[in-house]
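Me: I've just opened this one and I don't know my way around yet. Can you walk me through it?

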Amino acid sequence: MNELDKFVGEEEEISKYKKAISSISFNIKLIWKNIINRRRSITIIILGLVFSMSILFTASIWSSTSQKIIADDYLQTLDYEMYVSTFLPNHMQPVFTYVLDDPLVEDVHWYYPTVALFNFEGKADNYTWYPEEQQDDLDDPLSISAAHIVSSAAMERIKLNLEVDGDASLNQGEIMISYVQAKQLGVIYNKTISPGDQISVAITRYIPNTDIGEHQMVYYDIDDTTFENFTISGIYKYVGKNTIIAKMLGGIGNTGGVLLDSIFFPKESLGIEDLNIMDSNGLIPKLLVKVSGQELRAAGIADMPDTIYALKERIEFRYWHAFANILSQEIQAMADEYTRSFGSTVVFLPTIAVSIILTILSSQMTVRKRKEEIAYLRSKGAVSGQIIMMFFGEFLLISTISLVLSIGIGILLSGLIPSFGHDDGFFSKEFFSRYFSYLEISPYYIEIFTVLVLGIYLGMTLYNVITFVRKDIHESQIMTKRGQKIIKTSVKVGSFVLILAGFIFLMIEYYRQVAGTSSFGFSTLSISIQALLVFIVLLFFICYFISLGINKIIMKLGKVYKTLFKRNSFMILKNLKRQRKNLTDLTFFLVLTICLLTTLVTLRSSTIYNNEIEDDYRMGADLRIESLLSVNISYMEETLGQIEGIKDITGFQTIRALWGTQIRIEVYGIDPDKFLEIGRWTDMSFVNMTAEEGLMTLDEQQAPIAVAGGVFGVFTEKTSEKGLILSNYLVRRLDLELGAEIEVAGFTGSGETQFLTITGVIESAPGLGVSHGYDPKMNRETDDWVLMNKKVLIEELDVHNGTLLLASMKEGANADQIKQEIESMFPFLTVNPEQINPDYIGYFIDKYIPPVTVILLAGAIILNVIGVIYILISTDFILEQRRRENAVLLALGGNQTKVRGLLISEVSTFLAVTLLIGGPLGIAATAFSLLFIKPLLVAEEVIPLVLHVDGLALFIILASLCLAALFGMIPIIRKQMKYEIVQELRAIV
């Protein structure tokens, strides 16, 4: 090869390279020019894609990030998550070391339970102090209080559940005393006890056993543990609910007195020898265990209960004498509520889906508008592949821009949304900054959502481009138009049938899981989400099929048009018929939008209505009176009933029992007449009975009869047997029948066995909540409760105490005044609490994750905006197709005002018809969705969730859609009317 050949070869290679670069550069410039020239429609497409993907990215990023923040913050509100006990006190030190070394554990503190003595000076060894209210010298009595010996470090956690007047640091030489103990000491010393006062206290190293007659001072071991002039650093009231301290002492309902009449004493003031003596004397120490939030939620909030259970099993397996107890229900409630809160965000998906449809239809209109450009390119020699690749390049660039913007906006929104609405102000800069320190992005979900949204968009758009290009150049068809129509219809109908079949199977599985329960766990929530997703797809198909029928209806309303529009009716009807293909997409979009708008608004109103009546139902009556310690119910009824403004009052004697060997129940003694009158009952409280019929079975006068198959009969026989109203869950689980006699033993503190007759079956009751299952809003720890006549509990079981009373008010009485009077008389009573369980995790999560009602409202508002945008886009497209027709009308003597009126009349007719169809369809869809969407809306179905239509809210949202669309059309109509009539007429010729 000579030099010339090498030069020619290199020149050919360079020219090919330059040609390729030139071609790519030309195409990029052409693509960019097309985007710039159509920036309005392109902007709408980009906004639709960015909205869809950014919301999905936000949900993914915030889900991954917020679960860490929520877990850490919530665990910091708990004093401890676990305590460890043993029946071998001298062997607790190795347990302490082992637990502290566990990677899941953050800290471990010792807790010693004992007794403190006040005013013990001068009491001889033979001084008799028991019973305390009958001790030797009631003029100068010994004051006995429960003592909790903890370190100052432990006090930093325990004080989270205390309301302290003074300082809660508990340094050496200081003690903290309860409000009740302060009042008792005030009587003994004849002065007001305040923080800063000094007092002498004795800490016992042995607690006398009164059952064997150890009633005298000599039995206390206080010789070396008497402390003079200790400073009272603070006076506290116990206000906590979700706390390991309460669980360790048996629960507030039964041992509230231990917490209310008690002191906290610094462990540092006792020597090692003192603690060893306590161990030897049988005062069993416990370990308070604080876990690491980072370690506990490392595998996700959903796995937190299993993770802490694994720690419990490790401890008990390693030390056979150790028993670990955890806040299992609180942590499980946190996992369930977090899952439900994020699961409820799925109700926003219809808005995202409509946004994707908007971008697809907008792209389709953009392609149709460019038919002249396609024809021009074809005339210059462009083939189908080149034209399609040009469109593909445009859409690829649009997608790239949308993806970059979506990721950035998703990260920003996931930090902004939860930063609003905090207690420290409208917007929390601290939380917003803190969010980025926890930021976690899942590339997997980013990829999935990108492929989902952009895949649908690119696929549908390219399909429309290819179809339109082939149609425009009259290329050969593989089959006839009729054949294509049959194939498309078959695919749509077949898809609909398959999705419908899948939905039916999901519904069967859902009802299998929720049968006989009102509690919704993770599995129920999961199946509910799946059912909702499939139902949304079904709704899209239904709206599409209905839109086809609406188009036919619109064509047959000639008489209606004639009545409404007179002479313009002919033109309206002709235009609607002529633009049938153009209106098909608009009809589908409008029906779908109005249907979904109605569904979202109605779901929101139903949820709000249900929450309101549930809160009232849980409160129980006009006045709900709770006691932190067990009180004599009869005494409290008599005392509180004398308060001006209280009409009637009833309390609940309470005792726990064991039915059989495993069924733990809580027995409430009630006065049937008063409970019926005072309680806020509903028709759904009892099974196959009214509240009156059910409660009256406990008056020992009449009872229902059970007939074959467990069907409840009518009141025909009188009985003197003791009745029992049982939960529907237990009746179904144990296959019991109304009228059956059961044996209940194991009443706490009583060795008696009671033979009781099932006289009623109940689902829930006012003030008590659901009859089966853990209700986190009420923090009720038992699995089931039952109702009995209080006379039986008082007369046969000697049960007089309880912690709950309900009262009705006289007309015109002021609840706040009554509340203040009761709480001033009895500081341990709480009247009409803002939340029955203020530590309910749901209230905490709502600060970080928008509740479902907010999500539904946001979805409705955004969906409304999307609907208006598409109506305006469609109007602009349709008017552009009718420019020549309008030119003819103007040339024949018409004026622009009449033409504008004609156009607005057409759109108004279209909106009216789709409203009449879409609105009722949305209400029907809401009513049907309530059959399986309950787990997303409520944590516990105390009151059956029913359809509630807020007519005003629905009218506002739909009216705003129509008015915004009509007013938004005016500028578009004016713009389309600003053209040269002669130029348009020449185009016709």
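Me: Let's start broad: what percentage of the protein chain counts as buried?
Reply: Keep in mind that this is a predicted model. The protein chain has 989 residues, and the share of them that counts as buried is 51%.

Me: And how many helices and strands does the protein chain have?
Reply: There's plenty of both kinds of element to look at. The protein chain has 34 helices, and its strands number 25.

Me: Of contacts between residues at least 6 apart in sequence, what share joins residues at least 24 apart?
Reply: Here we set aside pairs that are less than 6 apart in sequence. Among the contacts left in the protein chain, the share joining residues at least 24 apart is 81%.

Me: Which helix gives the largest share of the largest nonpolar core?
Reply: That core holds 208 residues, and Ile177, Ile203 and Phe265 touch the most other members. Its largest share is 17 residues, and they come from helix α2 (residues 39–77).

Me: How many residues are in the second, separate core?
Reply: You can find this core by looking for Ala621, Ile655, Val731 and Ile742, which are among its members. The size of this second core is 45 residues.

Me: Are helices α10 and α11 roughly parallel or antiparallel to each other?
Reply: Look at α10 (residues 304–318) and α11 (residues 328–343), whose axes come within 8 Å. Those axes cross at roughly 155 degrees, and angles over 145 count as roughly antiparallel. So the word for α10 and α11 is roughly antiparallel.

Me: How many charged residues are in the contact of α10 with α11?
Reply: On the α10 side we have Met304, Pro305, Ile308 and Tyr309, while α11 brings Ser328, Ile331, Gln332, Met334 and Ala335. By class, that contact has seven nonpolar and two polar residues, and the charged count is none: no charged residues.

Me: Which residue of β10 stands opposite Thr86?
Reply: Strand β10 (residues 322–326) pairs with β1 (residues 82–86) in the antiparallel sense, over five bridges. Phe323 and Asn325 make up the uncovered face of β10, and its covered face is Ala322, Ala324 and Ile326. The residue opposite Thr86 is one from that covered face, namely Ala322.

Me: What is the bridge partner of Tyr668 in β23?
Reply: Strand β15 (residues 663–670) runs parallel to β23, and six bridges join them. In β23 (residues 784–789), six of six residues are buried. Asp784, Val786 and Met788 point one way, while Trp785, Leu787 and Asn789 point the other way. The partner of Tyr668 comes from that second set, and its name is Leu787.

Me: Is Thr926 buried or exposed?
Reply: Thr926 sits in helix α31 (residues 896–929). Leaving aside neighbours within four places in sequence, Thr926 is in contact with Thr598, Thr599, Thr602, Leu603 and Leu947. Its relative accessibility is 0%, and buried means under 20%. So Thr926 counts as buried.

Me: How far apart in space are Asn632 and Thr803, C-alpha to C-alpha?
Reply: Asn632 lies in strand β13 (residues 623–632) and is partly exposed, with a relative accessible area of 31%. Not counting residues up to four places away in sequence, Asn632 touches His800 and Asn801. Along the sequence, Asn632 and Thr803 are 171 residues apart, but in space the C-alpha to C-alpha distance is 8.6 Å.

How values were computed. Residues numbered from 1 in each chain as written. Predicted model: local features only at pLDDT ≥ 70, side-chain atom pairs only at ≥ 80, totals over all residues. Heavy atoms only, no water. Axes fitted to C-alpha atoms, helices over the stretch in contact; angles between N-to-C directions. Helix = DSSP H or I, 4+ residues; strand = E, 2+ residues; numbered from the N terminus. Parallel < 35°, antiparallel > 145°, perpendicular 65-115°, else oblique. Contact = heavy atoms within 4.5 Å. Nonpolar A, V, L, I, M, F, W, Y, C, P; charged D, E, K, R; others polar. Buried < 20%, exposed > 50% of the residue type's maximum accessible area, 1.4 Å probe, protein only. Pairing = 2+ DSSP bridges. Core = buried A, V, L, I, M, F, W, Y, C linked by side-chain atoms within 4.5 Å.
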